[in-house]
Structures are given as C-alpha cells and as structure tokens.
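New to this one? Here is a quick tour, from a single residue out to the whole protein.

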Amino acid sequence: PRAEVAMSGHGEDMDADPVGHSGSRLFSHPAAVLVLCMVAFLPIWGVKRLFAWTEMRSHPEQAMKWSETFLGAAVAPLAVFPWSYDEDCRSVFLKGEDPFAPWPIECRGTTLREMPPLEPGIVFPLAIAARIFWIPPSLVVLAGIQLGLDAAVLLAICWLALQFGGPVAAIAAGWLYSVSPALSRASTFPFYYYWPIPMAVALVATLLTLSRSRSAGAVLAWGGLAGALAATGCWFRGTMVTVALVTPILVFVLSRASERSLRAALVSFFVIIVVLLPSAWHNLPRSGSILPRRQVWHDLFIGIGTRPNPYGIVHSDKYGTRVAAERYGVIYHKPGYEEAMRAEYLAVLRANPLLILGNFARNTWDSLRGVSMTGPIRGHALFPWLTVAGVTCLFVMRRGVARPAAACAFLWLVQCATLGLVKWPQESYLWETLALGILCGAFGLGAVVESIGFGIRRGVRMCAPRLDKASLRHG
C-alpha cells in the first residue's frame, strides 16, 4: 500500500518511472543514461586529462619533493615495507635529474632510511605494479593508475547522480567532472592529493547500496566495506580520518530498516580498527599517533598562518622548524618535534580561541564554495545552496534515496570542515573535496528540477477530477 511505502523511507513516488524520476522513454532507463553520459563525456574527460598531463610532464620541477622516496619504499624489503626507502638508490635516482624516470630497481643499496612522516598509501599501488607485474615504480606509473581510477570515478559519479537526482543530475555531474580544470590537474598529479577522491566516491556508493540492502549478511558486509574504505583512505590522506570517524554513524543511520543497525555499525568500526592497526603498531612508539600520517600538529600550527594573526605565524614548513629549534631545541622529523608543535598550537588555542574558531568557520565556508578554484567553469559557489535545496526536495517528495543523499552531503561537509580546521583551502588541498562537491551540486540541481515536475504532476492530478466534472455538466 501507498502508506506502507511512504513510511518505510525506501519507496519511491508512486508516479515516478522505474528509475524513480520522470522523463522521456530514453531517460527512464538508467543504463541508457549511463551509456549516453560516458559516450558524451569520456572523450572530453580524456582530452582534458591529456592536456593536464602534457603540462605536468613538461614541468618536471612541479613534482613534489620527497616523491621519490615513495618509489623507493615500493621496492623496499618486506621487513620495513612501506616505511623505509634506500638512500643509496635515492642518490642514484636524483643524479638522473628526471623525477619521472623509473626507480633504479637494479640498484642494491644497503642504507635504509625512515620515510618522511607522511601518508605512505601511494606506496601500495606502486608496490603491486613492481612486485606482481614487474613494472619499475615511477611517477608515470602512479599517474597512469590514477587516470584509470579517474575514469571509473567518472562512471560512478554519473551513476550516483542518476540515483540521487535523475538524468539531469547525471548529465550535470558528468559534464562538471569531465571539464573541471582542477580535477584534471588532480588526476594527473602523481601524489597522494588525488586519492581521497575515489575513496570518497566508493564510500558513497557503498552507503547507498547498504541503505537498499535487506538481508542481515548483506547489511553487515556493506557496513564492513564502508569501514574498510574509510580507513584505507587514511593511509592515503590524513584528512580522511574524520570521514572514518563518522562512517560507523552513517552505517547505523542508513541501515535502520534492517533492525541490525548496531551490528553493522560495530562491524564498520571493527574493520576501521583492523585496517589502522599496522599504522598504530609502527607510529605509536615514534609519534604517539595511530594514524599513518605522523605529521599532524605541525600542519595545524602553521595552518594558522594562512590567515592574518597577531602572533606572526607564517604558513611555511621552515617557520615551524625554526620555532621548534629555537624554543624547544628539537629538529624537524625528529622525536619531540610533534610535541613542540602541539604545545605551540594549544598555546594559541588557549590564548585566543576565537581566532581558531573564526578561522575554522571561514575556512570551511571557503572550502564549500571552492573559493580558490580557477578555470573557465565556475559554479562551486552554488553547490552548497543546490545541495540544501536538493536534499530538502528529496525528503519532501519522499524519495527513498533522500537519506543516502543527505549522507553524501554530510560527508562533503565533513571533508570541507576537516580542511577548514587545518588551513585556508588552496586549490591542491581542495582537490579531495571536489568529487563529492560536484556530486552534491549536480543531484541538488536534478532534485530541484524533478520537484518542479513533481509539483506540476500533482497539480494536474488534483485538477483533473474537477475538470472532468465540469465537462460532464456542460456536456
């Protein structure tokens, strides 16, 4: 019955087509919409990424400092993998003066060094390529892996937008993701800045599937996968830690119809702990952190310097190292450094909490509206408003995807708030938020368009009986 469908929270409007959205016969088939999106947007995506990669390859000086250590860690002995690289081989590599060259895999140095206190996640795909497929690790290989993932993300973005906001949303999401100059740079820049994008999109797809599952086993399995994706993201980018913290909560909320919500949330939480256990085992004795990234308080302290402040703090690694050396006598990347940065940050927080809170609020809002985005396609400032309008429309229309769509919007907010806690959002840091931002803005637009059609159809249904009676009287 109609009432039961509405109360369940998982039904669709009774007058909607099989996809849950109105439209022409072609657009009523999700497979047809996805094929149309990929045929239309994949060539555009390819051209934009080709231009971005050509630009990147022609400026080798843009390669991130220390990126070669990740290449070395990919072929390091298993006893120290992925936390070490060989300094002798690194010296041989740097003498070649080409950061895009393959790692000298034939080099057999014996000087193992600890990796910088950054996330080692990109070591894993490079290690798979080197140890299983015998492909020497290089930044070119890493960029190729990222581009393969990015093509899959384009398809996933279109599918998710179609589920949340219909064909209009799928077309808008595919177009925005394909032509975005920032995302073109992100997917072709061989470093860990890109990797939260596929992780976040896969997490949203998992949560949507979880919300539609009915069997106990499926709910637990999807809940566990959600936890695994969120925790794996922490290995690639430290800012994913807040996503991992809220994932069990979202699993609990979205699985309420299964009557096994608590179990699913506990499974998700347990999987997160298991995935992060190796990190905790390695980092707790060194930095007291359970996360793969050991450099946290350094980022928070110098991040204050991205906005005007009365303490003269500058957003520069050199500034942080100078403060630690002069005031605490400790050296960057050495024991005691993070403790020094923590003391400095907490001192500012205690002395001027309004500065920290104000920076956090302004940084978060600037992240949501993509304040540092460049390029011919600008629309990021509309995404927050479209998202709120779209989620509201989905709940008003009683769409079954309303809660998963709200969860997607919440994850985007969490991403932006995490970045806001650290610093003013320069473009390379905003990359990781763009996929969910585009998805939310697109499904918001689609839901608004759909709600207009929904209102028109409802009005026609209400007026039709009156018109029929009037025609009978005058007939």
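S187 is a good place to start: its relative accessible area is 0%, so it counts as buried, since the cut-off for that is under 20%. Keep in mind as you read that this is a predicted model. From S187 we'll move on to the overall picture, then the cores, and end at the surface.

**Around S187**
- S187 sits in helix α7, which covers residues 181-188.
- Its side chain reaches the backbone oxygen of S184 at 3.2 Å.
- Leaving aside residues up to four places away in sequence, S187 touches R49, A143, Q146, L147, D150 and Y194.

**The overall picture**
- The protein has 475 residues, and 52% of them count as buried.
- Its secondary structure comes to 18 helices and two strands.
- Take the contacts between residues at least 6 apart in sequence: 73% of them join residues at least 24 apart.
- The accessible surface adds up to about 21500 Å², with 68% of that belonging to carbon and sulfur atoms.

**The nonpolar cores**
- As background, nonpolar side chains tend to be buried together in soluble globular proteins.
- Here, the largest nonpolar core has 109 residues.
- The residues with the most contacts inside that core are F164, Y177, L207, L411, L436, L439 and F443.
- Helix α6, residues 139-179, gives the most to this core, with 18 residues.
- Who are the neighbors of F443? Setting aside residues up to four places away in sequence, F443 touches F164, G165, A169, V391, L394, A405 and C408.
- Apart from the largest core lies another one, of 17 residues, and I302, A340, V348 and I356 are among them.

**A nonpolar patch on the surface**
- On the outside, I249, F252, V253, L262 and L266 form a nonpolar patch.
- Together these residues have about 480 Å² of accessible area.
- Two helices, α10 (241-254) and α11 (261-287), each supply at least two residues of the patch.
- The largest share, three residues, comes from α10.
- L262 belongs to helix α11.
- Is L262 buried or exposed? Its relative accessibility is 55%, and the cut-off for exposed is over 50%, so L262 counts as exposed.

**Two residues to look at side by side**
- S187, in helix α7, is buried at 0% relative accessible area.
- L262, in helix α11, is exposed at 55% relative accessibility.

How values were computed
Residues numbered from 1 in each chain as written. Predicted model: local features only at pLDDT ≥ 70, side-chain atom pairs only at ≥ 80, totals over all residues. Heavy atoms only, no water. Patch = residues over 30% accessible without salt bridge, like charges linked within 9 Å, V, L, I, M, F, W, Y side chains within 5 Å. Areas by Shrake-Rupley, 256 points an atom, 1.4 Å probe, with all protein chains shown as cover. Salt bridge = Lys/Arg side-chain N within 4 Å of Asp/Glu carboxyl O. Helix = DSSP H or I, 4+ residues; strand = E, 2+ residues; numbered from the N terminus. Buried < 20%, exposed > 50% of the residue type's maximum accessible area, 1.4 Å probe, protein only. Core = buried A, V, L, I, M, F, W, Y, C linked by side-chain atoms within 4.5 Å. Contact = heavy atoms within 4.5 Å. Polar contact = N/O pair within 3.5 Å; in protein donor to acceptor, adjacent residues only side chain to side chain.
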